[in-house]
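User: I want the reasoning behind a few labels on this model. Can you take them one at a time?
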Amino acid sequence: MTTAGRKLRGPVFTEKCERVGITLTRFMNEMVRANPDLAEIESVFASIQTAGKAISKLVQRAPIDGMLGKQGAVNVQGEEQKKLDVITNDLLKKVLKYTGRMGVIASEEENEPVFINNKADASYELEPHEEEEEGKYVTVFDPLDGSSNVDAGIPVGTIFGIFERDEGCHLPENFFPTDLAKGTRTNDPQCLRRTLRAGKSLVAAGYVLYSSSTYFVFTLGAGVNGFTLDHSLGEFVLTHPHIRIPPRGHIYSINSANRRTWDKPMQVFIDSLADGTNRAGQEYTSRYIGSMVGDVHRTLMYGGVFAYPADSKNSKGKLRLLYEAAPMSFLIEQAGGMSSTGVVRIMDILPKTVHQRVPCIMGGVDEVAELEDWYRRLG
């Protein structure tokens, strides 16, 4: 397995404690022992799992603690923020900043990427050589995906992706100044250079699902593993090792209410799944939660295909490339699946703005390849 051009070794567990199992803490320790260059990311994952535990508790207690409903503010996408959107966004920003490993943080709920001054935030005096060092990682995240459902107790989640800092300029030629004015209000072009990266540059990605159980599913570029929060231990425990998506499943997950506004290839593809005229000659079942984390989690567990395509109202799609589509695509590909717009691989798309949207279809390789074939024939 590889990540960002490096070959990784996955941990091998020859024994485990029957009462504790393999915790996420132990898993990361073993990953670093096998791959010493991952040492710095260990503290980042420790902070993300702490945030996941805290958000899980917030979501569980939201009706009791009066944290349901709208905040009264609108985010950069023009969406009304829920109270938990604001709380979870602030929580994640802080725990990531406190790692001392962050160079830039970018959130779906923020107007622009945020540069982290690790020197200013240090609680002790840094050595001279440390003052010159910047955080190694750039983290992008959606703090509470599916938050529009949270008041009804529907599963929601946190999505994240991690890049290593790269001094190379990734912005398109002649990006400044026109696209800068249209796409973001940041005054720091360097933040954009480090944030606007294609998904194939990710070194880690994952999500935390807050549902009947709290799941932490992620990849470091060496396959996909899933952990479940054991509240009695206060630890995430490995419950779904080496997750793999079969080439073809039997479930499709899409908002069929928008069918009349999809383009022709998508309509034909979904109809073929519903009526069994697809290449496998198999009728699919429709299952749709309306929370990307929940729908993708089921796709990882059972196989099938998840789609949020473009339509006549949203010609560029609804999902954000940086915060949702690219991290989830990394997971899906690492689990043996495929992720596409219908025309191009999502992991290859270089974002032009931090809140760029993109059509997204992901799942088994046979299913997504069949959709791409419909786009070639009818697109």
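Analyst: Start with handedness. A crossing counts as right-handed if the near helix is turned clockwise from the far one by less than a right angle, and as left-handed if anticlockwise. In this predicted model, the crossing of helix 8 and helix 11 is right-handed.

User: What makes helix 8 oblique to helix 11?
Analyst: The axes of helix 8 (residues 264–275) and helix 11 (residues 365–378) cross at roughly 140° and come within 9 Å. Over 145 would count as roughly antiparallel, and 65 to 115 as roughly perpendicular. The crossing angle falls in neither class, so helix 8 is oblique to helix 11.

User: Which residues meet there, in helix 8 and in helix 11?
Analyst: Helix 8 brings Lys 264, Pro 265, Met 266, Val 268, Phe 269 and Ser 272. From helix 11 come Glu 367, Glu 370, Leu 371, Trp 374, Tyr 375 and Leu 378. By class, this contact has 8 nonpolar, 1 polar and 3 charged residues.

User: Why are strand 6 and strand 12 called edge strands?
Analyst: The open sheet of 8 strands runs in the order 6-5-7-8-9-10-11-12, with mixed pairing. Strand 6 (114–115) and strand 12 (235–240) each pair on one side only.

User: How do you know that strand 5 and strand 6 pair?
Analyst: Pairing needs at least two bridges. Strand 5 (residues 102–107) and strand 6 have 2 bridges, in the antiparallel sense. The cut-off is met, so they pair. In strand 6, Val 114 is the bridge partner of Ile 105.

User: What packs on the sheet?
Analyst: Helix 9 (residues 292–302) does, touching strands including strand 7 (137–145) and strand 12. The direction of helix 9 makes about 105° with that of strand 9 (202–210).

Technical notes:
Residues numbered from 1 in each chain as written. Predicted model: local features only at pLDDT ≥ 70, side-chain atom pairs only at ≥ 80, totals over all residues. Heavy atoms only, no water. Helix = DSSP H or I, 4+ residues; strand = E, 2+ residues; numbered from the N terminus. Contact = heavy atoms within 4.5 Å. Axes fitted to C-alpha atoms, helices over the stretch in contact; angles between N-to-C directions. Parallel < 35°, antiparallel > 145°, perpendicular 65-115°, else oblique. Nonpolar A, V, L, I, M, F, W, Y, C, P; charged D, E, K, R; others polar.
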